[in-house]
Amino acid sequence: QILPKIVSLLNIDKKMPSYQQIVSSACLRFIAKLIRHRHIMDSPKDSSIFSAHLKKGQSLHVRCTAIQQLARFVKNENSERDLNTLLSLVEFDTSAMIRSYAIQQLYKLPLFTRHQDCLLNTLHLV
């Protein structure tokens, strides 16, 4: 019952944007919390909603929230595709703020340590 309400709030915020699209940012954080706690069972490993909000045309606040949630998603789910999305954002995005914020989030949430076994700890990544 709550997910359709969240989707409608996201749609309303696209048609009538709030200041810095704060409603969209809150909805993205809430969706990430639902995914983390496995309340959304359709596709628990689907992070496409965050990747969709990383694109240009979104406000900086929404893009930063999407980066934050995607970085958490990469750490928790060991998703190589999402890690590549973040790394390409760091490499190719035109906004210096977005590039810097993506690096900060990857630094705050280290994917693995030196002696820890992890799916993302590969020679290709290093």
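**Exercise 1. Find which residue just after α4 takes a positive phi, and check the span of the helix before it.**

Let's begin at the end of the helix: just after α4, N78 takes a positive phi of about 55°. Keep in mind as you work that this is a predicted model.

Now step back into the helix. Helix α4 covers residues 60-77, which is 18 residues. At 1.5 Å a residue, these should span 26 Å. The C-alpha atoms at its ends are 25 Å apart, which agrees with that expectation.

**Exercise 2. Work out which elements the buried residues of α4 pack against.**

Start by picking out the buried positions: among them are V62, C64, I67, L70, F73 and V74. A general rule helps when reading such a list: an α-helix has 3.6 residues a turn, so residues three or four places apart point the same way.

Next, look for the partners. The buried residues of α4 pack against α2 (22-36), α3 (48-52), α5 and α6 (96-108).

**Exercise 3. Decide whether D82 is buried or exposed, and list what it touches.**

First locate the residue: D82 lies in helix α5, residues 80-92. Its relative accessibility is 1%, and buried means under 20%, so D82 counts as buried.

Then collect its contacts. Leaving aside residues up to four places away in sequence, D82 touches S47, S51, L70, F73 and V74. Of these contacts, L70, F73 and V74 are buried residues of α4.

**Exercise 4. Place these details in the whole chain: how many helices and strands are there?**

Count the elements: the chain has six helices and zero strands. Finally, turn to burial: of its 126 residues, 35% count as buried.

Conventions:
Residues are numbered from 1 along each chain as its sequence is written. This is a predicted model: local features need pLDDT of at least 70, side-chain atom pairs count only at pLDDT 80 or more; totals for chains, interfaces and linings use all residues. Side-chain values use heavy atoms; hydrogens and water are left out. Helices (H or I, at least four residues) and strands (E, at least two) are DSSP runs, numbered from the N terminus. Buried means under 20% relative accessible area, exposed over 50%, partly exposed in between (1.4 Å probe, protein chains only). Contact means heavy atoms within 4.5 Å. The expected span of a helix is 1.5 Å times one less than its number of residues.
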